[in-house]
Structures are given as structure tokens and as C-alpha cells.
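Colleague: I'm new to this structure and would like a close look at a single part of it. Could you take me through the strands and the charged side chains that sit on them?

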Amino acid sequence: MNRGSRPCEAGTAAPLKSIDKAFALAGDPQGAVPKKRTREVVAGRADEVPEGARKIVQIGHLSIGIFHLKDGYHAVRNYCPHQGAELCKGSLHGTHRPGAVSEFLPDFSGRVLRCPWHGWEFDLVTGKGLYDAKSRVMTYEVRVNETGDLILVV
């Protein structure tokens, strides 16, 4: 068996190497594009965004969604690279990793953002698209300062 492939049964589809690679990159925070931004902007109060909630802010020409997940705050550009939908208005859920036929492997619980127009899915932590290894949405550093403000680095 070649590395990265799965055994196939008669009548099943070929291995999804691109999907496997997309999941591997999405699960690896080190695989995210390095953030080289330095401009810090107060995007509101942390208590405005309780766990499980989101806030969409406009900073100049940028529309950015800030999400409060179990492990903290994450921010992504509010623009789907497919056809430009307001990505951050999409649903937030988990997904399943590729596995053997009839095997479902739940993963990324609560951190997958689905585009409201065509269902393209992105990992909120890394910005990686889950449908192929080359696509992504822009991510931004977000943190809470000592006075409880959400600081977005753009």
C-alpha cells in the first residue's frame, strides 16, 4: 500500500489524498500561515462574546468575524474565497475525518465554519479549507487585554 492511501473495496471511490492532507494541515496549528501583522485594534469587550458566540466587526475595508470557542478567541476574514459570501454568518459545527468505508470519525467539534452560500468548510483555528489542501481563509490573532477588551491584530 502506498503511503497516504487507504484500502478500497470493490465499487468504492479512490482514496481522497487531497482531503486527507487538508485534515492533516487543519489539525496542525504550526501549519497555519505565519501572522506578520502588528496593528492592534480594540474590537469590543470580551464579555460581549460569550463562549459559543461570535461578533462581526468592520475595521476599515476589512470585515472580520471573532469567535469564542472553548480554547479561546479566534478570528477569520468574513469572506469566503469561493464566491465572496459573508463566511462568518455561516453555521459552526464539527465534521468527520475521512476513514474507511462506513466509518465515521468525528473531529474538530465546534470549530468548523460552513459558508452559508455553498457549504465550503473551514477550520476556525488554522483557516484551512477542509475540502482541499490548498485553500484557506485569512486568520487574525485576537486576545483579551487586562481591562477585558478584545484586541485584534490586523
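**Strands and charged pairs**

Modeller: Let's start with one charged pair: Glu 141 and Arg 143 form a salt bridge, with their closest N and O atoms 2.8 Å apart. Keep in mind that this is a predicted model. Glu 141 has 36% relative accessibility, so it counts as partly exposed. Arg 143 is partly exposed too, with a relative accessible area of 31%.

Arg 143 has another partner as well. It forms a salt bridge with Glu 40, and here the closest N and O atoms are 2.3 Å apart. That pair links distant parts of the chain: Arg 143 belongs to strand E8 and Glu 40 to strand E1, 103 residues apart. Since the salt bridges share partners, Glu 40, Glu 141 and Arg 143 are joined into one network. As a general point, side chains of opposite charge can pair when their charged atoms come close.

Now for the sheet around that network. Six strands make up an open sheet with antiparallel pairing, and their order is E1-E9-E8-E4-E3-E2. Strand E1 (40-45) and strand E2 (54-59) stand at the edges; each has a single partner strand, so one side of each is left without a neighbour in the sheet. From one strand to the next, the twist averages 30 degrees.

You can walk through this sheet pair by pair. E8 and strand E9 (residues 149-153) pair in the antiparallel sense over four bridges, and one place to look is Val 144, whose bridge partner in E9 is Leu 150. The hairpin of E8 and E9 has four residues between the strands, and in it Gly 148 takes a positive phi near 90 degrees. E8 is also joined to strand E4 (residues 72-77): the two run antiparallel, with two bridges between them. There, Val 76 has Thr 139 of E8 as its bridge partner. Further along, six bridges join E2 to strand E3 (residues 62-69), again running antiparallel. Within that pairing, Ile 56 has Gly 65 in E3 as its bridge partner.

While you're at E2, have a look at Lys 55, which has its place in that strand. With a relative accessible area of 21%, Lys 55 is partly exposed; the cut-off for buried is under 20%. Leaving out residues up to four places away in sequence, Lys 55 touches Ala 43, Gly 44, Glu 48, Val 49, Ile 64, Gly 65 and Ile 66. Two of its contacts can be followed atom by atom. The side chain of Lys 55 reaches the backbone oxygen of Ala 43 at 3.0 Å, and a polar contact of 2.5 Å joins the side chains of Lys 55 and Glu 48. If you want another landmark, try His 68: it is 13 residues from Lys 55 in sequence and 8.9 Å from it in space, C-alpha to C-alpha.

Then there's another sheet to visit. This one is open, has three strands in the order E5-E6-E7, and its pairing is antiparallel. At its edges stand strand E5 (91-97) and strand E7 (121-123), each with a single partner strand, so one side of each lacks a neighbour in the sheet. On average, neighbouring strands of this sheet are turned by 55 degrees against each other, direction ignored. E5 pairs with strand E6 (residues 105-114) in the antiparallel sense over six bridges. Look for Thr 95 here: its bridge partner in E6 is Asp 107.

This sheet holds a charged pair as well. Asp 123 forms a salt bridge with Arg 111, their closest N and O atoms being 2.6 Å apart. Asp 123 lies in strand E7 and Arg 111 in strand E6, and the two are twelve residues apart. Are these two residues buried or exposed? Both Asp 123 and Arg 111 are buried.

E7 also contains Glu 121. Its relative accessible area is 15%, so Glu 121 is buried. Not counting residues up to four places away in sequence, Glu 121 touches His 93, Thr 95, Val 112, Leu 113, Arg 114, Lys 128, Gly 129, Leu 130 and Tyr 131.

To round off the charged pairs, a search of the whole structure finds eight salt bridges. The ones we've been through include Arg 143 with Glu 40, Glu 141 with Arg 143, and Asp 123 with Arg 111.

How values were computed:
Residues are numbered from 1 along each chain as its sequence is written. This is a predicted model: local features need pLDDT of at least 70, side-chain atom pairs count only at pLDDT 80 or more; totals for chains, interfaces and linings use all residues. Side-chain values use heavy atoms; hydrogens and water are left out. Two strands pair if DSSP finds at least two bridges between them. Axes are lines fitted to C-alpha atoms, for helices over the stretch in contact, and angles run from 0 to 180 degrees between N-to-C directions. Buried means under 20% relative accessible area, exposed over 50%, partly exposed in between (1.4 Å probe, protein chains only). Contact means heavy atoms within 4.5 Å. A salt bridge is a side-chain nitrogen of Lys or Arg within 4 Å of a carboxyl oxygen of Asp or Glu. A polar contact is a pair of N or O atoms within 3.5 Å; within protein, one must be able to donate a hydrogen and the other to accept it, and residues adjacent in sequence count only if both atoms are side-chain atoms.
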